[in-house]
Amino acid sequence: MIYKLPFLVLFVFSIGAAQQQSNTSIIKKHLKAITKTTTYRNHLNTAQLNKTADYIKSEFIKYTKEVSFQEFKVEGKTYKNVIASFGTEHKKSIIVGAHYDVCGDQEGADDNASGVVGLLELSRLLKGIKLNYRIDLVAYSLEEPPYFRTENMGSYIHAKHLVDHKVDVYGMVSLEMIGYFSNKEQSQLYPDPRLGLLYGNKGDFITVVNKSGKKQFATDFSNAFKRSAPIKTVVFESDPSKQPIDFSDHLNYWEFGFSAVMITDTAFLRNKNYHKKTDTMETLDLQSMSKVIDGVFKVLVSI
């Protein structure tokens, strides 16, 4: 945690990594490249998924030589996770993931180009930074229906690979819809309306989601993010069987026993464009999205 670091480490962090910030112009460029395509990146359009995977890889490779595809077959078609690694001198890993496929025929700007752009900006920010853990940035295919909650999800394939190869994992962060914010009254809904009394009715915050009985990484990450992120943050913890908190790739890491959190703008509880053609980059708040990315970066280099 940041407050436990020796003064010298804090000083080095303050003059090095702390000066790194995400860039809204670059964020906009990535969003346009991923969403403004002639076809949609759903499970039926493998050609478009491959083009998106190639774009992600081409950006990753600008900042690290450790970039690869993790290919897997589903119903005779080949799909790809894209992985970029930093701090490879370390054995223990932190996984940061986001899915690049969409549900149906839509651009999917918030869901989940926003999370993928978060990975791309993190790769730029992490270049040359001294880390305490290996960081693997993973862009997944096949998070959306019809494969959601099946063993064909790209994140299931990746999590199972970690277990099968006995990889030492400290924890996982899922970036799931990080670009939609609103200052309007009643713009934020909750699965339990009573939560509005605690967190307010404006969708002006980012959420770090944990499950009950969370392990050490989830605790460390959540505390550090809320303390250092330059954006209003809510840390929410619940039982997945009682609240809809496992609607993304982190569910597979929970399934395999890893400590994991989801960072989200709360998806359909706030963004009415969820799984609709209206989910476009023009609806996103790039300044707030940038602050979320900066918060993740700060934690990754200091935890």
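Helix axes are taken here as lines fitted to C-alpha atoms, over the stretch in contact, with angles running from 0 to 180 degrees between N-to-C directions. In this predicted model, a good place to begin is the meeting of helix H2 (residues 24–35) with helix H4 (residues 109–126), whose axes come within 9 Å and cross at roughly 130 degrees. Angles over 145 degrees would count as roughly antiparallel and those from 65 to 115 as roughly perpendicular, so H2 is oblique to H4. The crossing of these two helices is right-handed. On the H2 side, the contact involves Ile26, Ile27, His30, Leu31, Ile34 and Thr35. Their partners in H4 are Ala109, Ala113, Ser114, Val116, Val117, Leu120, Glu121 and Arg124.

Aromatic rings offer a second way into the structure. With ring centres within 6.5 Å as the criterion, the model holds 13 aromatic pairs. One pair joins Phe148 and Phe247: the ring centres are 6.3 Å apart and the planes stand at 80 degrees, so the arrangement is edge-to-face. Phe148 belongs to the loop between strand S4 (134–140) and helix H5 (154–164), while Phe247 belongs to the loop between strand S7 (233–238) and helix H8 (250–255), so the pair ties together parts that are 99 residues apart in sequence. Both residues are partly exposed, Phe148 with a relative accessible area of 22% and Phe247 at 35%. Elsewhere, ring pairs link Tyr133, Tyr170, Phe217, Phe221 and Phe225 into a cluster.

Rings also meet charged side chains. The charged end of Lys80 sits over the ring of Phe69, 4.5 Å from the ring centre. Arg270, in turn, lies over the face of Phe205, at 4.9 Å from the centre of that ring.

Terms used:
Residues are numbered from 1 along each chain as its sequence is written. This is a predicted model: local features need pLDDT of at least 70, side-chain atom pairs count only at pLDDT 80 or more; totals for chains, interfaces and linings use all residues. Side-chain values use heavy atoms; hydrogens and water are left out. Rings of Phe, Tyr and Trp (its six-membered ring) pair if their centres lie within 6.5 Å; planes under 30 degrees apart count as stacked, over 60 as edge-to-face and the rest as tilted. Helices (H or I, at least four residues) and strands (E, at least two) are DSSP runs, numbered from the N terminus. Buried means under 20% relative accessible area, exposed over 50%, partly exposed in between (1.4 Å probe, protein chains only). A charge sits over a ring if NZ of Lys or CZ of Arg is within 6 Å of the ring centre and within 35 degrees of the ring normal. Angles under 35 degrees count as roughly parallel, over 145 as roughly antiparallel, 65 to 115 as roughly perpendicular and the rest as oblique. A crossing is left-handed if the near helix is turned anticlockwise from the far one by less than a right angle, and right-handed if clockwise. Contact means heavy atoms within 4.5 Å.
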